[in-house]
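Reader: I would like to discuss the internal space and the charged pairs of this protein. Please take the questions one at a time.

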Amino acid sequence: MPPLLLRGGSRRAAAVLAGLALAAGTLTGTALAADSARAASPAALAAPAESPVRVNQLGYLPDGPKRATVVSTATSPLTWQLRDASGTQVASGSTTVRGADQASGQSTHLVDFGAFTGTGAGFTLVAGGQASHPFDISASLYDGLRADSMSFFYQQRSGIAIDATLAGSAYARPAGHLGVAPNKGDTSVPCQAGVCDYRLDVRGGWYDAGDHGKYVVNGGIATWQVVNSYERARRSGGDAALGDSTLRVPERGNGVPDVLDEARWELEFLMRMQVPAGRPSAGMAFHKMHDAQWTAVPTRPELDDKVRELHRPSTAATLNLAATAAQCARVYAPHDAAFAARCLNAARIAWTAAKANPNVLAPASDNAGGGAYEDADVSDEFYWAAAELLATTGETQYRDAVTSSPHHTKPADGPWWGGTATLGRITLATVAGVSLPADDVTRVRGALTAAADGHLSTAAGQGYAVPIPATGYVWGSNSAVANNAMTLAVAYELTGAQRYRAGALESLDYLLGRNALDRSYVTGYGERASENQHHRFWAHQNDASLPHPPAGSFAGGPNAGLEDPVAKERLTGCAPAACYVDDIGSYATNEVAINWNSALAWLASFAAERRDVPASPAVQVTPAAVTVPEGGSAAVGVRLSAAPAQDVTVTVARSAGDEDLSATAGTTLVFTPANWATTQQVSVSAAQDGDAVAGSATFGAAGTGVRAASFTATEADDDTAPPSASCAVTYRVASSWGNGFTATVTVKNTGTSAFSGWTAGWSFAGDQRISSAWNATASQSGSAVTVRDSGWNGSLAPGASAEFGFQATYSGANAVPTRFTVNGAVCS
C-alpha cells in the first residue's frame, strides 16, 4: 500500500437497534446488536440492486430537509409518490428537471418531499415507476450512527484488548503492540537510524487507518474533532447525549463523558510522542511511528512481528500536539483538573519548541511501512495552535501569534490534516470569552459563514447537493464532504440560519446513499452499504474468519486519481463521483481513517440533537463565581449560547443571600439575533458595612425564551484582621509602553495546607486599570483588584505556585503595589 496522501435492511435495522439499546443504557444488547449487524456474509445476504431513485438510505429527520435525486434522461417532470411501509401513498408531486450533472456524468431530477410531516419506518419514494430503497423518518434517526461512528475509535485502539461485551464477539481481540511476542513494540520503540539513540514508550493511541501506524498529524485533527463534538454539544445544551455511559467504551461509569474518555486514549499517546527534556529537540513531537515495512493484508495487531520505529520530530507534529493539548486543558478542566494541567504544560512546551524549530518538515520520501504525511507549509498549524492556546489561556503571546498570522485574515478553507487553520477559526469564533478584539471575532465568524455560503452555492449547482466541486473527488473525498458540512453546522450555530443546518444534513444524505452510486459509504447504514473497506484486521473479503468492518466505519470515497491497482483495473473511464469500488484492495477509494471517522462522528452528533422544538438559547455567565471587595464591585460577563429567534431581554437580579450584595449596573441586557454572542458586562457591588461576616449571594440571569443561568458572589469582608501570612506574591512588570503595560504575578502557597482555590488582591497606587487577564479572572473596583484562579490552576499544594498575567492602562507613575492578599491573608 502506498502512502496515504490525503487521509483527508437487516444491517440497517441492526444498527438502529444498537442505537436504541445505547439510549436505553442496555450495554449487552448493544454489543449483540453490533455483532449481529455483521453476522450475515455477502453470500448469504446479497445487496439489493441499484435504484435510480437515490435517497438517504438511513432516512430523514422530521424537521430537516427531505430531498432525493432521480437518475433519468426525461426532459419533462416525472410524478413521484411517497409511500409508507404498507404501500399507501402519503404524499405526491412532480420532480424538478435538473439535467446533466458534471460530477456523476448522469442526468438528474430532484424530488422535494419536505412538506410531509409524518414519521415512521419503511417509507419508499417512487418516481418514473421505480422505487427507492426503504428509509425511515424519525427524530432518533442518527442516534445509532452517533454511537457507532464513535465506537470505531475504541475498536481502533492500540495497546488494549478489545472486549466482546463492548464490541461484539466478532471484534474481540487481544491487545496489540505491547511488546508481547511476536510484537516488537510499542512499549520500547527505537528511532530510525540517525534520529535518536534512545527508546520511548509510545503505547496506546489509535491505529491511524487500515494499517498499524500511529501518526501525530492525523491524530491531531481526529482528536480535535472528537473533543470539539463535545465542546459544541455543551454549548448547544446537547452534551448529555455524549456524557458518561453513552458509548461502548471500557471507561463508562467513571463520571467523565465517554467521548472525552475515548479522546483521552489518543491524547495520552500524543503526549508520549513528545521528545523528553534533556534530549535533542526536547519538547518537539515525533512525526509518527509504525512498522519498518508494510504488513500484509490481513494481519491482526497482536500478530504483527515487524520492527516498529519512531520517525524524526517535525514542526507540524509538534504544533498538532500543542493545539490538541491546549484544547484538552480547556475542555477537561471541569472533569480532571490534573490531566488538564498536564495537557496545558505539554502544549506550552510544544509551542516553545515549535517556535524554536519552525521549519522541520517531514519529507515525502519517508513512506516505507507507513504514510509520509508530508507538509511543506506549517503556517496553518502555527495559527491553529496559537488559537487553541489563546482560547485556553488568554495570554498576549498567543494573541499576537493569532493576529499576526496571514491566516487570520484569509478566507476560511476546508479543514484536513494538512490544512488546519479553519480548526483555529472555529475555536476563535465559538469559545466564549476568547481574548480577541470584537472586530477580529466578527471577522473570523464572517469568514466561516462566507465559506458555508460557498459550500451551499457549490451544492446548489449539482444533482446530488454535494458541498465539493466536480474536481474535489480525490483521496478521502468523503471526509472533505463531512468537513465542509462541519463548517455549515458551525455557521448554523453562529447565525441560527436554517439554510446552514439543511446543507449539513444534506451532506449526510449524500454520504448515506443519495449519490452517483446509490451507495451508503458507512458500514451498517443503508441497504447498499460499504462493507469491504481496506483494513488489516477487519478483512472478511480476504479471510472469511475475520469480520467485516463494524457498523459506523466510514469509507474514503470516490477518487478520480485511481491510485491503486484495483481502482485502475475496475474504474477506468469513471465519472469523478463514481470512481469508487467496495473492495478491500482499493485503498485509494475504500480505506478507513481516524480523521475521516472523526468528521463523520462530529456530524452525526450534530444531526442527532433533538430539534423537533427549537432549543432555547442558554444564558452563559463567566465566571460562575466572583469575589466582590467590601465597598467595591466586580464584573461578570453575560452572553447567550446561540442566536435567539427574536430580541431577548435578560434580567440579572439577586435571588437569595446577603442583601449587601446587589447587581448595580447591566441588570437589564438585550440580546438580538445579531449580537447574541457578544459578551455584556454586569457589575455586582458589596455595600460597606460594620459586620465581620463575608456574605454571599446567588444571582439569576433569566428572560423569556432563554434558559436561565445563575452565579454566586462572595463579599471580601474588610472588617476583620487578616489571618497570618501563608502566601507570597511576586509582581513583575513584563513590558511597558506609552500608556499601557503587562505584568506577571506569581502566587505561592508558603503554608502547610493545600489551597483548594485562591483569590489574590491588591490596590494600585495610581490610575492603573486592568483590561484583560490570562490564567486567571480579574475584576477591579476603583484601585482595588481581585483576581481568582481559572479552575485548572486553583489547587496549590504547600510550596506550589501559580502564575497569571494581565494587561492594563495607566498614566503618570506605574508604581508596583506594596500589599498583597491571597484568600484574605496578607502575603509576604
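**Cavity lining and salt bridges**

Author: This is a predicted model. The lining of the largest cavity comprises seven nonpolar residues, two charged residues and no polar ones.

Reader: What is the volume of the largest cavity?

Author: Rolling a probe the size of a water molecule over the atoms reveals where empty space remains. For the largest cavity, the computed volume is about 70 Å³.

Reader: Which residues line the largest cavity, and which of them count as charged?

Author: The lining consists of A170, Y171, A172, R173, R300, F537, W538, L546 and P547. Because Asp, Glu, Lys and Arg count as charged, the two charged members of the lining are R173 and R300.

Reader: With which residue does the lining residue R300 form a salt bridge, and how far apart are the closest N and O atoms?

Author: R300 is partly exposed, at a relative accessible area of 25%. Its partner is buried, with a relative accessible area of 12%. That partner is E302, and the closest N and O atoms lie 2.7 Å apart.

Reader: How many salt bridges does the structure hold?

Author: Side chains of opposite charge can pair when their charged atoms come close. The cut-off applied here is a side-chain nitrogen of Lys or Arg within 4 Å of a carboxyl oxygen of Asp or Glu. The count for this structure is 32.

Reader: How many residues apart in sequence are the parts tied together by D291 and R308?

Author: D291 and R308 form a salt bridge, with 3.4 Å between the closest N and O atoms. D291 belongs to strand β14 (residues 285-291) and R308 to strand β15 (residues 308-314), so the pair ties together parts whose separation in sequence is 17 residues.

Reader: Are D291 and R308 buried or exposed?

Author: Buried means a relative accessible area under 20%. D291 has a value of 3%, and R308 has a value of 0%. Both D291 and R308 are therefore classed as buried.

Reader: Which parts does the salt bridge between R348 and E395 tie together, and how many residues apart are they?

Author: The closest N and O atoms of R348 and E395 are 2.5 Å apart. R348 lies in helix α8 (residues 337-356) and E395 in the loop between α9 (379-393) and α10 (396-404), so the pair ties together parts at a sequence separation of 47 residues.

Reader: Which of R348 and E395 is buried, and which is partly exposed?

Author: R348 has a relative accessibility of 22%, and counts as partly exposed. The buried partner, with a relative accessible area of 7%, is E395.

Reader: Which residues do salt bridges that share partners join into one network?

Author: D291 and R308, already described as a pair, both belong to this network. Its members are D186, K214, D291, D304 and R308.

Conventions
Residues numbered from 1 in each chain as written. Predicted model: local features only at pLDDT ≥ 70, side-chain atom pairs only at ≥ 80, totals over all residues. Heavy atoms only, no water. 1 Å grid on protein atoms, 1.4 Å probe; cavity = no way out; pocket = protein on both sides within 12 Å on 5 of 7 lines; lining within 4 Å. Points joined across faces, edges and corners; volume = space filled by probe spheres on them. Helix = DSSP H or I, 4+ residues; strand = E, 2+ residues; numbered from the N terminus. Buried < 20%, exposed > 50% of the residue type's maximum accessible area, 1.4 Å probe, protein only.
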